[in-house]
Structure formats: structure tokens, C-alpha cells
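I opened this entry to work through the fold element by element, beginning in the middle of the sheet and moving outwards. What follows is a record of what I looked up.

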Amino acid sequence: MKPHYELSGPEDAPVVVLGNSLGTTTALWDRQLPVLHRRFRVLRYDHRGHGGSGVVDGPYRIDDLADDVLELLDALGLARVSYCGVSMGGMVGMWLAGHAPERIERLVLCCTTAGFATAQPWLERAAAVRGSGTGALAAAAVGRWFTPAFRAESPEVVAGFAANLSSVDDEGYAGCCEALAAMDLRSVLPVIEAPTVVISGASDEATPPECGRFIADSVPGATFHLVPGAHLANVESADEVSAIVEAHL
Ligand SMILES: O=C(O)CC1=CCC(=O)O1
């Protein structure tokens with residue numbers, strides 16, 4: 001299904017697509033926009049069930065989320081783009097670069113993994129959210145997304161992310177959890193041709209730095225950066241991440 005999208009920045013500039021993590025919306029990238037708009041046309045979109053996108057019943061697979069991006073690129077007449085993704089958005093990026101290499105110019109993978117050790121926690125979370133809704137997850141989620149120091153310093157930013165998560169459709173969130181349960185992208189990493197940068201948050205417990213290092217070691221020529229922050233390190237270390245992204249793209 002074609003997702004909700006927002007295009008911004010200079011109309012004649014090369015396009016970079018920004019992919020979000022589970023439970024977040026296009027607002028995830030607000031802090032990167034001033035830097036990216038200097039040189040790029042920015043295409044942000046929401047995963048199915050998230051933000052302004054429609055929802056279909058789950059379970060989904062990462063392939064479905066990636067097909068949504070390809071449908072959007074086709075609808076906008078974009079043959080080839082660069083792609084940056086945080087967490088689940090990064091998984092979509094790995095899938096696209098591995099399965100549709102002709103569409104991906106350069107790749108940034110932030111706070112992500114090519115596979116989880118076990119599916120069970122994701123299946124349990126899918127069941128929990130179908131029972132109690134996304135609002136019930138918000139407090140625990142922001143505890144994974146931001147360090148205690150950032151939560152204390154920027155409570156209004158954290159509250160905004162919690163509110164956005166609470167607005168995510170329950171079935172859409174659950175379907176994405178099931179995509180994460182089934183996701184294993186390890187076999188595509190060695191065939192990725194797009195020049196790739198991997199970024200991890202030093203305090204990320206959801207996709208710890210060793211997950212990023214594994215990706216960087218497996219994608220030919222990829223480089224690895226460790227920045228301060230937890231799972232949404234692009235928010236917490238916005239300047240560092242923006243500089244890495246701009247330099248790579
Ligand atoms: O559990 C979370 O919220 C962290 C996370 C894992 C995959 C993703 O996109 O976010």
C-alpha cells in the first residue's frame with residue numbers, strides 16, 4: 001500500500017528517503033532536516049498503521065514494508081534514491097539495498113539490526129498491543145528510546161514521541177512487531193552494493209552497538225560510527241548523526 005509521505009527541500013536536488021523506527025512517525029527526522037535541506041530533496045514517509053498512513057490487518061513482513069516504499073517511489077517517478085533508516089526503517093533499507101539494488105544509491109543504517117535473537121518477545125508485544133493498545137506501551141518505549149539524562153533534560157521532546165506512539169494504530173503496530181519477529185536480513189548484507197554507513201547509539205539496548213558492528217562487518221566497504229544516545233540516537237545526538245549522514249550522502 002502506498003504510504004503517507006512528505007516531500008521537502010530543494011525541488012531539483014537528489015532525493016534522500018528517511019525511514020522511521022517502530023512506533024514513530026516522520027517527526028523522527030525533524031532534527032536532521034536543516035542539514036539535509038542544504039543539499040537534498042527529502043522524502044519522509046510513515047510505515048503502514050503509523051502517522052498518516054493507512055492500515056491493513058497484520059501480520060506483515062519486512063518485504064511488505066519495503067514494497068510500500070517501492071510503490072511510493074514508483075508513484076513519484078523516482079528511479080533511484082539514497083535511503084536512511086532508523087531501526088525498523090533501517091531493516092527496510094537493508095531489504096531494499098539487497099533486493100532492489102538498482103533503486104538505492106547510498107545507504108545509512110542507524111540503530112538497527114539484521115536479526116533478533118528470538119521472535120518470542122515480538123510476538124508477545126504484538127499480542128499485548130492488540131489487547132491493550134499502543135498507549136499502554138508508551139512509557140516503556142520512551143525508556144528504551146532515550147537515555148535517562150535526555151529524558152530529564154528534554155521532557156517535552158520525550159512527551160511528543162510518547163504521544164506519537166500512542167496515536168499509532170494498534171493493528172499496524174502489532175503487524176510490524178510480527179514483521180520484526182520474522183525478520184532475518186543477514187544473508188542480504190554481503191550482496192549490498194550501495195556505499196553504506198552504520199551508526200549505533202552507545203547506550204542502545206534495543207539494537208546494541210554489536211548489531212551495528214555486525215552489519216558494518218558484513219556489508220562490503222561499510223563504515224561504523226558509535227554516537228552517544230540510546231535507540232533514537234539520531235534525536236539525542238542529532239548534530240553528530242546529521243554530520244555523519246551529510247558527509248556520507
Ligand atoms: O522496541 C522498540 O521500540 C525498539 C525498536 C525495535 C525495532 C524498532 O524499530 O524499534
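I started with a glycine in strand 4 of this predicted model, and found that Gly85 stands opposite Leu109 in strand 5. Strand 4 and strand 5 run parallel and are joined by 5 bridges. I then turned to strand 2, where Gly19 has Gly85 as its bridge partner in strand 4. Strand 2 (residues 15-19) and strand 4 (residues 81-86) also run parallel, with 4 bridges between them, and I noted Val17 opposite Tyr83 as one of the facing pairs.

Next I asked how the side chains of strand 4 are distributed. Val81, Tyr83 and Gly85 point one way, Ser82, Cys84 and Val86 point the other way, and all are buried. In general, side chains in a regular strand alternate between the two faces of the sheet. Since 6 of the 6 residues of strand 4 are buried, I recorded the strand as largely enclosed by the rest of the structure.

I then looked up the sheet as a whole. It is an open sheet of 7 strands in the order 1-3-2-4-5-6-7, and its pairing is mixed. Strand 1 (5-8) and strand 7 (223-227) stand at the edges with a single partner strand each, so one side of each has no neighbour in the sheet. From one strand to the next, the twist averages 20°.

Which strands does helix 3 touch? Helix 3 (residues 88-99) packs on the sheet against strand 2, strand 3 (41-45), strand 4 and strand 5 (104-110), and its direction makes about 145° with that of strand 4. I also followed helix 9 (residues 209-218), which lies across strand 5, strand 6 (196-201) and strand 7 and runs at about 165° to strand 7. In helix 9 I listed Pro209, Cys211, Gly212, Ile215, Ala216 and Ser218 as buried, and the cover over these buried residues includes helix 3, strand 5, strand 6 and strand 7.

I went on to the helix pairs, taking helix 2 and helix 3 to begin with. They pack at an angle of about 75°, with their axes 9 Å apart, which makes helix 2 roughly perpendicular to helix 3. The contact is made on the helix 2 side by Ile62, Asp63, Leu65, Ala66, Asp67, Val69 and Leu70, and on the helix 3 side by Met88, Met91, Val92, Trp95 and Leu96.

For helix 5 (residues 138-145) and helix 7 (residues 155-166), the axes come within 9 Å and cross at roughly 130°; I therefore recorded helix 5 and helix 7 as oblique to each other. Their crossing is right-handed. Ala138, Ala141, Val142 and Trp145 of helix 5 meet Val158, Phe161, Ala162, Leu165 and Ser166 of helix 7.

Which residues touch the most other members of the largest nonpolar core? This core has 85 residues, and the ones I was after are Ile62, Met94, Leu96, Phe146 and Ile199. I looked further at Phe146 and, not counting residues up to four places away in sequence, found it touching Arg151, Val158, Phe161, Ala230, Leu232, Val235 and Glu236.

Last, I checked the backbone for unusual geometry, bearing in mind that most residues other than glycine have a negative phi and most peptide bonds are trans. Gly58 and Pro59 are joined by a cis peptide bond, with omega about 5°, and Pro59 lies in the loop between strand 3 and helix 2 (62-75).

Ser87, in the loop between strand 4 and helix 3, has a positive phi near 50° although it is not a glycine. Is Ser87 buried or exposed? Its relative accessibility is 8%, so I counted Ser87 as buried.

Cys111 also has a positive phi, near 50°, in a residue other than glycine, and I placed Cys111 in the loop between strand 5 and helix 4 (120-132). With 0% relative accessibility, Cys111 counts as buried.

Note on methods. Residues are numbered from 1 along each chain as its sequence is written. This is a predicted model: local features need pLDDT of at least 70, side-chain atom pairs count only at pLDDT 80 or more; totals for chains, interfaces and linings use all residues. Side-chain values use heavy atoms; hydrogens and water are left out. Two strands pair if DSSP finds at least two bridges between them. Helices (H or I, at least four residues) and strands (E, at least two) are DSSP runs, numbered from the N terminus. Axes are lines fitted to C-alpha atoms, for helices over the stretch in contact, and angles run from 0 to 180 degrees between N-to-C directions. Contact means heavy atoms within 4.5 Å. A nonpolar core is a set of buried Ala, Val, Leu, Ile, Met, Phe, Trp, Tyr and Cys residues joined through side-chain atoms within 4.5 Å. Buried means under 20% relative accessible area, exposed over 50%, partly exposed in between (1.4 Å probe, protein chains only). Angles under 35 degrees count as roughly parallel, over 145 as roughly antiparallel, 65 to 115 as roughly perpendicular and the rest as oblique. A crossing is left-handed if the near helix is turned anticlockwise from the far one by less than a right angle, and right-handed if clockwise.
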